[in-house]
Amino acid sequence: MPKSVTVAYALWAIGGPLGLHHLYLQRDSHALLWMVTLGGFGLGWVREFILIPSYVAAANRDTERLKQPHQPHPPVVPPISPVRFAGQVCMGIYFGALALLGLNSLSFFYLLVLPLFVGAGVHLVSTVGHQTSDFKKTLTTCLIAAPIFYGSRLSLVPISVAASVTASQNRREKPLQAKQGLAPRLYYLGLGLLVFSAPVAYCIFHNTTATLYYLSDCLSALLDMFWFIPWLRNVLEYILLMPYRILCALTGGGYSDEAWRRVLEILLKVYTEKERDALKILSLSEEATHEDISRSYKELVRTWHPDHNPSKEAEAMFVNIHEAYQLLSKRYKPNRFR
């Protein structure tokens, strides 16, 4: 049965960020990509408004080709796409950052886990649409590049670029195959989502506070990149906080809303109880800047250092001051947003 542009647009409007229109058009790699990025972080979903007719035409063309007798033709090398290449690099970094968030405590992380996740992110983009690549070669490149940048968090960038170059060099057209049923397709998509979500789940269950602070830092850094375009920053903030607003709408308040409100406060860098105690030790208010914290710490250290203060409580007070400063230095960011 031919695919309908109207149905595709309806699914795009209802669940586009979750890839429902790609599922309908049997573009499963694209659907998975949209699921793990919520529609290319919203931007790709909007861009597809003008691309859906071409997607539908390609899907119907493939259906007609499957009905015809098989005619072998020479392999075609797809043209290089700068957009696809940029997407491969970004997804390699994205998947690598996800692994760095949840699995960096593993002893073999930088040699095996990180290159595996980076390679998976790059390969996912390389298989979107009618194009694919050689995953073994892409992964091999990641495994070779990983030891060169061992231990560096910036290693995500060069490994992703190297893997993307390899994927582009080995790009090829996907062979035309009979379409699978919905059940096996959903099964494989579920496995892909499970692999993607495993590091996040591990980190949430074993290190919830660190996860929230890491996410808040990433969210803050992302929004700060658009300080010069206030309206775009507000749009991105609205999209990123959409899960919280949807939960409030569904629950209508109550315990769930209160629990998520507390999580949201952490994500938006509202001070925790320990941080408030640390501010009291340093004699500062919640509006203190990073410079205020440093200045107060230096003044109190001069006052309470055991070498200069012979009182009995000097040593304990000095330790408390140092711990308070370490906590605020680690958690506090000068450009935090509320």
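How many contacts beyond four places in sequence does the model have for residues 254-260, where pLDDT stays under 50? The model has 7 such contacts for that stretch. The legends below start with the whole chain and then turn to single helices and residues.

**Figure 1. Overview of the predicted model.** The structure is a predicted model, and its pLDDT averages 79 over the protein. A score of at least 70 is reached by 76% of the residues. The secondary structure comes to 17 helices and 2 strands. Of the 338 residues, 37% count as buried. Among the contacts with a separation of 6 or more, 67% are between residues 24 or more positions apart.

**Figure 2. Two stretches where pLDDT stays under 50.** One of these stretches covers residues 254-260, with 7 contacts beyond four places in sequence. Another covers residues 333-338, for which the model has 21 contacts beyond four places in sequence.

**Figure 3. Helix 8 against helix 9.** Helix 8 spans residues 135-145 and helix 9 spans residues 156-169. The two helices pack at an angle of about 150°, and their axes are 8 Å apart. This angle makes helix 8 roughly antiparallel to helix 9, because angles over 145 degrees count as roughly antiparallel. Their crossing is right-handed. From helix 8, the contact uses Lys137, Thr138, Thr141, Cys142 and Ala145. From helix 9, Ile159, Ala162, Ala163, Thr166 and Ala167 take part. By class, the residues of this contact are 6 nonpolar, 3 polar and 1 charged.

**Figure 4. Helix 7 against helix 9.** Helix 7 is formed by residues 109-126. Helix 7 packs with helix 9 at an angle of about 45°, with 9 Å between the axes. The two helices are therefore oblique to each other. Helix 7 passes helix 9 in a right-handed crossing. On the side of helix 7, the residues are Leu114, Val118, Val122 and Ser126. They meet Leu156, Ile159, Ser160, Ala163, Ser164 and Ala167 in helix 9. The contact of helix 7 with helix 9 divides into 7 nonpolar, 3 polar and no charged residues.

**Figure 5. Helix 7 against helix 8.** Here the packing angle is about 140° and the axes are 8 Å apart. Helix 7 and helix 8 are therefore oblique to each other, because only angles over 145 degrees count as roughly antiparallel. The crossing of helix 7 and helix 8 is right-handed. Helix 7 brings Leu111, Leu112, Pro115, Leu116, Val118, Gly119, Ala120, Val122 and His123 to the contact. In helix 8, these residues meet Phe135, Thr138, Leu139, Cys142 and Leu143. This contact has 11 nonpolar and 3 polar residues, and no charged ones.

**Figure 6. Surroundings of Gln88 in helix 6.** Helix 6 spans residues 82-103, and Gln88 lies in it. With a relative accessible area of 1%, Gln88 is buried, because buried means under 20%. Leaving aside neighbours within four places in sequence, Gln88 is in contact with Val122, Val125 and Ser126, and also with Ser164, Ala167 and Ser168. Of these partners, Val122 and Ser126 also appear in the contact of helix 7 with helix 9, as do Ser164 and Ala167.

**Figure 7. Gln26 and Leu182.** Gln26 is placed in the loop between helix 2 (20-24) and helix 3 (28-41). Gln26 has a positive phi of about 60°, although it is not a glycine. At a relative accessible area of 24%, Gln26 is partly exposed. Leu182 is found in helix 10, which covers residues 182-206. Leu182 is exposed, with a relative accessible area of 52%. Leu182 and Gln26 are 156 residues apart along the chain, and their C-alpha atoms are separated by 9.1 Å.

**Figure 8. Two further loop positions, Gly42 and Ser283.** Gly42 is found in the loop between helix 3 and helix 4 (43-47). Its relative accessible area is 7%, and Gly42 is buried. Gly42 and Gly16 are 26 residues apart in sequence, with 9.1 Å from C-alpha to C-alpha. Ser283 is in the loop between helix 15 (273-281) and helix 16 (290-304). Phi of Ser283 is near 60°, a positive value in a residue other than glycine. Ser283 counts as exposed, at 62% relative accessibility.

Methods: Residues are numbered from 1 along each chain as its sequence is written. This is a predicted model: local features need pLDDT of at least 70, side-chain atom pairs count only at pLDDT 80 or more; totals for chains, interfaces and linings use all residues. Side-chain values use heavy atoms; hydrogens and water are left out. Axes are lines fitted to C-alpha atoms, for helices over the stretch in contact, and angles run from 0 to 180 degrees between N-to-C directions. Helices (H or I, at least four residues) and strands (E, at least two) are DSSP runs, numbered from the N terminus. Angles under 35 degrees count as roughly parallel, over 145 as roughly antiparallel, 65 to 115 as roughly perpendicular and the rest as oblique. A crossing is left-handed if the near helix is turned anticlockwise from the far one by less than a right angle, and right-handed if clockwise. Contact means heavy atoms within 4.5 Å. Ala, Val, Leu, Ile, Met, Phe, Trp, Tyr, Cys and Pro count as nonpolar, Asp, Glu, Lys and Arg as charged, and the others, Gly among them, as polar. pLDDT is the predictor's confidence in each residue, from 0 to 100. Buried means under 20% relative accessible area, exposed over 50%, partly exposed in between (1.4 Å probe, protein chains only).
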